[in-house]
Amino acid sequence: SKLLALAVTTHLRAKSVQHLAAMHGRVKKDIVEPTPEEKAKQREQVRTARSLFAKLLDLRKSQTYNDQALEMTSKALQFHPEFPTLWGYRRELLTSTGSTEKPLQELLKMEMKLLEKALRKSQKVYSIWFHRKWVVERLFQEMNADEEAIRNLLSTELDLCNQLLAVDERNFHCWNHRMNLMDLMRTWGK
């Protein structure tokens, strides 16, 4: 009887572990402990990032809008895309007059490339998706008379949504983005 109870308990634990390892049809990755060298490298990266983030927050506070700030925020967000304040600062940089010599449409297209890198790193971050929606809407306005450019933009965005939803159909950020694209398509058709 004790042997049977032990066997049942062991079986249930094994089932429980299997269930947790594949919750919602998603297999969890094993956590690998970093080596001391990797930990030292990570600590150095964190120190560098903290310094850069502090400098950028000071620039934003002093309302510094220039190419250097745009480049610095780009580097910072490539390192850590989950920083909503920096995405907000980028919106300020992109819309401030005289911050750069480049036309807004060109800047927005560059912004889309930065956002693609951010989404490769983190697909479920509010601030990334909010910024992408903002950029798509601005591009849509900038391209108002160029039907081919609008068609390409919407097609690219829908393709992105399809790719991300194929990876994880539960990504509600992506579903929301897709819904916003549908709204843009409806307004464009009018």
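Okay, one definition before anything else: a residue is buried if its relative accessible area is under 20%, exposed if that is over 50%, and partly exposed in between. Keep that in mind, and remember that what we have here is a predicted model.

Let's try the definition on Arg-138, which sits in helix H6. Its relative accessible area is 24%, so Arg-138 is partly exposed. Now take Ser-74, over in helix H3, which covers residues 67-79. Ser-74 comes out at 13% relative accessibility, and because the limit for buried is under 20%, this serine counts as buried.

Right, let's step back to the whole chain. We have eight helices and zero strands, so to speak an α-α-α-α-α-α-α-α pattern when you read along the sequence. There are 190 residues, and 33% of them are buried. As for contacts, take those with a separation of 6 or more: 61% of them are between residues 24 or more positions apart.

Now the inside. Nonpolar side chains in soluble globular proteins tend to be buried together. In our model, the largest nonpolar core has 43 residues. Which of them touch the most other members? Those are Leu-56, Leu-86, Trp-87, Met-112, Ile-128, Val-135 and Leu-139. At least two residues of this core come from each of H2 (36-61), H3, H4 (84-95), H5 (104-121), H6 (126-142), H7 (147-167) and H8 (172-188). H7 gives the largest share, with nine residues.

Back to Ser-74 for a moment, since it leads us to a helix pair. Leaving out residues up to four places away in sequence, Ser-74 touches Arg-90 and Leu-114. Arg-90 is part of the contact between H3 and H4. The axes of those two helices come within 10 Å and cross at roughly 155 degrees. Angles over 145 count as roughly antiparallel, so that is what H3 and H4 are to each other. Their crossing is left-handed. On the H3 side you'll find Ala-69, Leu-70, Thr-73, Ser-74, Ala-76 and Leu-77, and these meet Leu-86, Trp-87, Tyr-89, Arg-90, Leu-93 and Leu-94 in H4. By class, that contact has nine nonpolar, two polar and one charged residues.

The second pair I'd like to show you is H5 and H6. At what angle do they pack? It's about 155 degrees, with the axes 10 Å apart. H5 and H6 are therefore roughly antiparallel to each other, and their crossing is left-handed. H5 brings residues including Leu-104, Leu-108, Glu-111, Met-112 and Leu-115 to this contact, and H6 brings, among them, Ile-128, Trp-129, Val-135, Arg-138 and Leu-139. In terms of class, there are twelve nonpolar, two polar and six charged residues.

Let's zoom in on Val-135. Again leaving out residues up to four places away in sequence, Val-135 touches Leu-108, Glu-111, Met-112 and Leu-115. If Val-135 and Met-112 sound familiar, both were on that list of core residues touching the most other members.

And that brings us round to Arg-138, where we began. Arg-138 and Leu-108 are 30 residues apart along the chain, and their C-alpha atoms are separated by 7.7 Å. Both residues take part in the contact of H5 with H6. So for Arg-138, the picture is a partly exposed residue, at 24%, on helix H6. That's it from me.

Notes:
Residues numbered from 1 in each chain as written. Predicted model: local features only at pLDDT ≥ 70, side-chain atom pairs only at ≥ 80, totals over all residues. Heavy atoms only, no water. Helix = DSSP H or I, 4+ residues; strand = E, 2+ residues; numbered from the N terminus. Buried < 20%, exposed > 50% of the residue type's maximum accessible area, 1.4 Å probe, protein only. Contact = heavy atoms within 4.5 Å. Core = buried A, V, L, I, M, F, W, Y, C linked by side-chain atoms within 4.5 Å. Axes fitted to C-alpha atoms, helices over the stretch in contact; angles between N-to-C directions. Parallel < 35°, antiparallel > 145°, perpendicular 65-115°, else oblique. Left-handed = near helix turned anticlockwise from the far one by under 90°. Nonpolar A, V, L, I, M, F, W, Y, C, P; charged D, E, K, R; others polar.
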